[in-house]
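Please open the structure in a viewer and keep the sequence at hand. The tour below proceeds by selections, each followed by a description of what is found there.

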Amino acid sequence: MYGLMGKISAQPGQREALIGHLIDGLRHLSALDGCYAYIISRAADDPDGIWVTEAWRSAEDHLASLSNEGVRAVITAARPLIAGMSDRVEFEPVAGKGLLHPQS
C-alpha cells in the first residue's frame with residue numbers, strides 16, 4: 001500500500017475555491033480502483049492551508065491517476081489557485097478504519 005500526505009497553500013483568500021476543485025476531483029478518484037482514501041482537510045493554523053492525505057493500492061496506481069483525463073482537468077482548473085505545495089510525505093499505510101486491505 002502507498003500513502004501520501006502534503007500541504008497545499010492556496011492563493012490568499014482562495015482556499016474554499018481550491019477545496020471546491022479538490023472535492024470535484026473526488027468523483028474521478030472514486031472511479032479509480034486503486035484509490036482507497038483521499039481526505040481533504042483545512043489547516044487549523046493557516047487560513048490558506050489545505051492538507052491532503054491519500055491511500056493507494058500502490059505508488060503505480062497513484063502515478064496512473066495523474067494520467068486520468070478527469071483528474072488532469074481538475075488539476076488544470078485548480079492550478080491557478082495554488083500558491084505552493086510543501087511538507088510532502090510518502091508513507092506505507094498499515095491499517096486503519098476505512099482501509100480496505102490492511103497490511104500485516
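How many bridges join β2 to β3? Before the selection is made, it should be noted that the model is a predicted one. Select β2, residues 35–42, together with β3, residues 49–56. Seven bridges join these two strands, β2 and β3, and they run antiparallel. Within this pair, locate S41, whose bridge partner in β3 is W51. The connection between β2 and β3 is a hairpin that passes through six residues.

Next, add β1, residues 2–10, to the selection. β1 pairs with β3 in the antiparallel sense, over eight bridges. Here L4 may be picked out, for it stands opposite E54 in β3.

Now include β4, residues 82–91, and view the sheet as a whole. It is an open sheet of four strands, ordered β2-β3-β1-β4, with antiparallel pairing. At its edges are β2 and β4, each of which pairs on one side only. From one strand to the next, the twist averages 15°. In a regular strand, side chains alternate between the two faces of the sheet.

Turn then to the helices, beginning with α1, residues 15–29. α1 lies across β1, β2, β3 and β4, and it runs at about 170° to β2.

Select α3, residues 69–78, alongside α1. Two packed helices are described by the angle between their axes and the distance between the axes. The axes of α1 and α3 come within 9 Å and cross at roughly 175°. An angle over 145° counts as roughly antiparallel, and α1 and α3 are therefore roughly antiparallel to each other. To display their contact, select L18, H21, D24, G25, H28 and L29 in α1, which meet G70, V71, V74, A77 and A78 in α3. The residues of this contact between α1 and α3 divide into six nonpolar, four polar and one charged.

Where, finally, is the centre of the largest pocket to be sought? Select Y38, E54, L66, I75 and M85, which lie nearest that centre among the 26 residues of the lining. The elements that give two or more residues to this lining are β1, α1, β3, α2 (59–65), α3 and β4. Of the lining residues, 16 are nonpolar, six polar and four charged. The space in the largest pocket is about 670 Å³.

Methods. Residues are numbered from 1 along each chain as its sequence is written. This is a predicted model: local features need pLDDT of at least 70, side-chain atom pairs count only at pLDDT 80 or more; totals for chains, interfaces and linings use all residues. Side-chain values use heavy atoms; hydrogens and water are left out. On a 1 Å grid over the protein atoms alone, a cavity is a set of points where a 1.4 Å probe fits but cannot get out, and a pocket is an open set with protein on both sides within 12 Å along at least five of seven lines; lining residues have an atom within 4 Å of a point. Grid points are joined across faces, edges and corners, and a volume is the space filled by probe spheres set on the points. Ala, Val, Leu, Ile, Met, Phe, Trp, Tyr, Cys and Pro count as nonpolar, Asp, Glu, Lys and Arg as charged, and the others, Gly among them, as polar. Axes are lines fitted to C-alpha atoms, for helices over the stretch in contact, and angles run from 0 to 180 degrees between N-to-C directions. Angles under 35 degrees count as roughly parallel, over 145 as roughly antiparallel, 65 to 115 as roughly perpendicular and the rest as oblique. Contact means heavy atoms within 4.5 Å. Two strands pair if DSSP finds at least two bridges between them.
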